[in-house]
Amino acid sequence: MLNKRSIEKNLLQNLAAQTEIKVFDNVSSTNDIAKTIELSPEKVYAIITADHQSQGRGRMNRQFISPPAAGIYLSLLLPALPLDKLLLATPAAAVAAAEAVAETTGIFPSIKWVNDLYIDKKKIGGILTEAVTNYKTGQISHLVVGIGINCTDAGIPSDERNQIGSLNISHLDRNMLIAAVFNKLVAIFDSIKKDDISFMDKYRNLSNLIGKKVTVYRSHMDQSCCLDATAVDIDCSGNLVVEFADGTVEHLSSGEVSVREI
Ligand code: BTN
C-alpha cells in the first residue's frame, strides 16, 4: 500500500521537512498534478504518487499503462537546474531510478538512452521530464520529473509482452523505492548545481547502447528517415555520440532523434 508516512520515514532526514508528499488513489497523470502544486514557503520539493493513473503518459505523448497497484507512478517537483544543464535532468533521474531499484530489490536495470529503464531487453520503466514556468517572470522555476516503473506484468497487453516487462515483484515496498529515488535524485541535482556532473559516468556505465549497432531515426514522426551507426559514447550534455559507416561522428540530441538497437 502506498502510504505518505512510510515514504516520509524513508526520506533522508534533512529532506523530510522540506518535502510536500501527496499520495492519491487514482489520478489522470501524476505529472499533471505536480505541475499545479503550489508549495508552501517552508517546502522546496514535492513527491506526488498514485496507485493508478488513467492517463499516464510518456515521451512523444505515448501512453504509459498504469494499472492499480502494479507499478510506481511518481512525479517529483524540484527547483529547476541552470538553463545550460536542464537536459541533464532526465539522465539524472534515470541514474537515480536505476540505483534505487538496485538498492531496494537487488535487480540491476540498464538505461536505454535517454529515458528508458530496461531489464533483459524489455522496457520496465521510463522518465518524462517537464518544465514549470513562472507566469510572472516567464522563467523555468521548477522541473517535474515523472518516473514510471512496472512492478508486475499486470496490465501489459499480451502483444507487447516481448518488449515491455516489469520488476516482477508483487510484494515490493513501493514506499521505500519512491523515497530512495527521491533521495538520490536530490543528491544528483545538488551536485549538478555545484558543477559536479560525475553522475554521467554512472549513466554511461548503466547504458545498454554504448558499443552497440543502432538505427538512428532523424525524426520521431518519420520512421523512414533512418541511418545505421554505432553508439560510441554519451557526452557531458547527455547527447548520444554515434559513428556512421563513413566515419562521421555526430552528437545527437534526444529531442531530434530516436534510436533503436539493431
Ligand atoms: C516514457 O516511457 O517515455 C516515460 C514514462 C513516464 C511515466 C511516468 S508515470 C508517472 C508520471 N506520470 C505520467 O503521466 N508519466 C510519468
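**Figure 1. Charges and surface of the whole chain.** Let us begin with the charges: the chain carries 26 positive and 30 negative ones, and the mean positions of the two groups lie 3 Å apart. The model shown here, as in every view that follows, is a predicted one. About 12700 Å² of the chain is exposed, and 49% of that area comes from carbon and sulfur atoms. Turning from the surface to the interior, 49% of the 262 residues count as buried.

**Figure 2. The overall build of the chain.** Six helices and 12 strands make up the secondary structure. The radius of gyration is 18 Å, close to the 18 Å given by the globule rule for 262 residues, so the chain is as compact as a globular protein of that length. Measuring tape in mind, you can picture the C-alpha trace spanning about 55 × 45 × 30 Å along its principal axes. Among contacts with a separation of 6 or more, 64% join residues that are 24 or more positions apart.

**Figure 3. A hairpin made by strand 10 and strand 11.** Here you can follow strand 10, residues 240-244, as it pairs with strand 11, residues 249-252, in the antiparallel sense over four bridges. Within this pairing, Val-242 stands opposite Glu-250 of strand 11. Four residues lie between the two strands of the hairpin, and in the turn Gly-247 has a positive phi of about 90°.

**Figure 4. Gly-255 in the loop after strand 11.** Moving along the chain, we find Gly-255 in the loop between strand 11 and strand 12, the latter covering residues 258-261. Gly-255 has a relative accessibility of 56%, and because exposed means over 50%, this glycine counts as exposed. Met-60 is 195 residues away from Gly-255 in sequence, yet their C-alpha atoms are 9.6 Å apart in space.

**Figure 5. Leu-77 and its contacts.** The last stop is Leu-77, which sits in strand 3, residues 71-79. With a relative accessibility of 3%, Leu-77 counts as buried, since the cut-off for that word is under 20%. Leaving aside residues up to four places away in sequence, Leu-77 touches Ala-34, Ile-37, Leu-39, Val-44, Tyr-45 and Ala-46, as well as Val-132, His-142, Leu-143 and Val-144. Lys-35 is 42 residues from Leu-77 in sequence, with a C-alpha to C-alpha distance of 7.7 Å.

How values were computed
Residues are numbered from 1 along each chain as its sequence is written. This is a predicted model: local features need pLDDT of at least 70, side-chain atom pairs count only at pLDDT 80 or more; totals for chains, interfaces and linings use all residues. Side-chain values use heavy atoms; hydrogens and water are left out. The radius of gyration is taken over C-alpha atoms; the globule rule is 2.2 Å times the number of residues to the power 0.38. Buried means under 20% relative accessible area, exposed over 50%, partly exposed in between (1.4 Å probe, protein chains only). Contact means heavy atoms within 4.5 Å. Accessible areas come from the Shrake-Rupley method with a 1.4 Å probe; for residues, only the protein chains shown count as cover. Lys and Arg count as positive and Asp and Glu as negative; His and the chain ends are not counted. The place of a charge is taken as NZ of Lys, CZ of Arg, CG of Asp or CD of Glu. Two strands pair if DSSP finds at least two bridges between them.
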